[in-house]
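Hi,

Here is the structure I promised to pass on. Have a look at it first, and then read on for my notes.

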Amino acid sequence: MTDIKSLSFDELSEEVEKLNLQKFRACQIYQWLHKEGVTSFDEMTNLSKSLRDTLSERYFIPHCETEDKYVSQLDDTVKYLFKLYDGEYIESVIMKYKYGYTICISTQVGCKMGCKFCASTLAGFKRNLLPAEMESQLHAAQRDLCVRISHIVLMGIGEPLDNYDNVIKFLKTVNDEKGLNISLRDITISTCGIVPRIYNLMDEGLPVTLTISLHAPNDEIRSKTMPINDRYGVDSVIKASRDYAEKTSRRVSFEYTLIKGVNDSAECAKELAQKLKGFICHVNLIPVNDVKERGNIKSSDKTINNFKDTLKSLGINATIRRTLGKDINASCGQLRRRKNNGD
Ligand code: SAH
């Protein structure tokens, strides 16, 4: 069976032609799949029953079934644990901001990157998500909440640039005006820094925003928490980010998770400022989220504020990330892990 929802419009048109259907059927089917986000052929009510049967014999529609849903009592953040067609689980989080709804989506089932502070990698890597499965996270949430999601961050479970081709196809599909029609400028890709893929991404000519999970100012500290750093060190990641900003004219930001006694000293802040000198970028400071098995301790508010002030005094734009959904374990990877452990 072919995954019909991951086909581009041109690929779907070819299938329609092979089935000897009229051309306009491709438009109808594409809209049902991508604008309406249907999960079965039976919902395609302007197709005859026999055509729906023909389609369901040949194709399937990967979608996200809600296994669990958590709504924050503090700030309306909603977190979903979704079940996929093969029984795997992923997570998505929907956050409400002044400018609209943002969804944080997963790009893989699990993760290979092995960052020491992260929950997503603990339950191991299973597989890449299909383009349709990334898009279906939006459809499932939109249908359930009856809202329009306008912004996407690829910051859930997985490393987006380790599932490169499917991510690019997903970006093109959600941007299509026949589908969800989301502006590429309102999409952010977060990466642990797979340098060659950052260069590939800048050559695609898609004006998406890039965020780099840096978390340390030098190789010695970064390699302790992020194994990827042994392949692509701090300087090469920052160089790639500068090149990305120059080529795409998009501002790059850096995620910096503060862990007590690991990367939160004044020296770290100064070294970071030195490396980012002259680069118009933004640093997001994030207090590390407690993950039971990880044993990392949050830096104190005072240390975090000092870190920010040091960066600012050296000319680097920095803000402390507001935590949303504190009461529902909104950071990704934790629900899938609990489910797999049978807790
Ligand atoms: N693989 C991508 C996207 C997923 S992780 C990446 O590395 O960017 C999303 C962000 O959450 C990354 O910045 C990651 O480093 C951060 N993160 C992971 N675990 C965390 C934790 N326990 N506390 C705070 N941030 C965490």
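Let me start with a helix: on the other side of H3 from its buried residues, Ser50 and Glu57 are exposed (exposed is over 50% relative accessible area, buried under 20%, partly exposed in between, with a 1.4 Å probe and protein chains only; helices are DSSP runs of H or I with at least four residues, strands of E with at least two, numbered from the N terminus). This is a predicted model, in which local features need pLDDT of at least 70 and side-chain atom pairs count only at pLDDT 80 or more, while totals for chains, interfaces and linings use all residues. Residues are numbered from 1 along each chain as its sequence is written, and side-chain values use heavy atoms, leaving out hydrogens and water.

The buried residues of H3 (49-58) are Leu51, Arg52 and Leu55. Helix H2 (24-36) and strand S2 (59-60) are among the elements that cover them.

Now the cores (sets of buried Ala, Val, Leu, Ile, Met, Phe, Trp, Tyr and Cys residues joined through side-chain atoms within 4.5 Å). The largest nonpolar core has 76 residues, of which Ile152, Leu171, Phe254, Val283 and Leu311 touch the most other members. A second, separate core has 17 residues, including Trp32 and Tyr59.

Finally, the cysteines: there are zero disulfides (pairs of cysteine sulfur atoms within 2.5 Å). Cys111 is buried at 11% relative accessible area, and its sulfur makes no bond because the closest cysteine sulfur, in Cys118, is 6.4 Å away.

Best wishes

How values were computed. Contact = heavy atoms within 4.5 Å.
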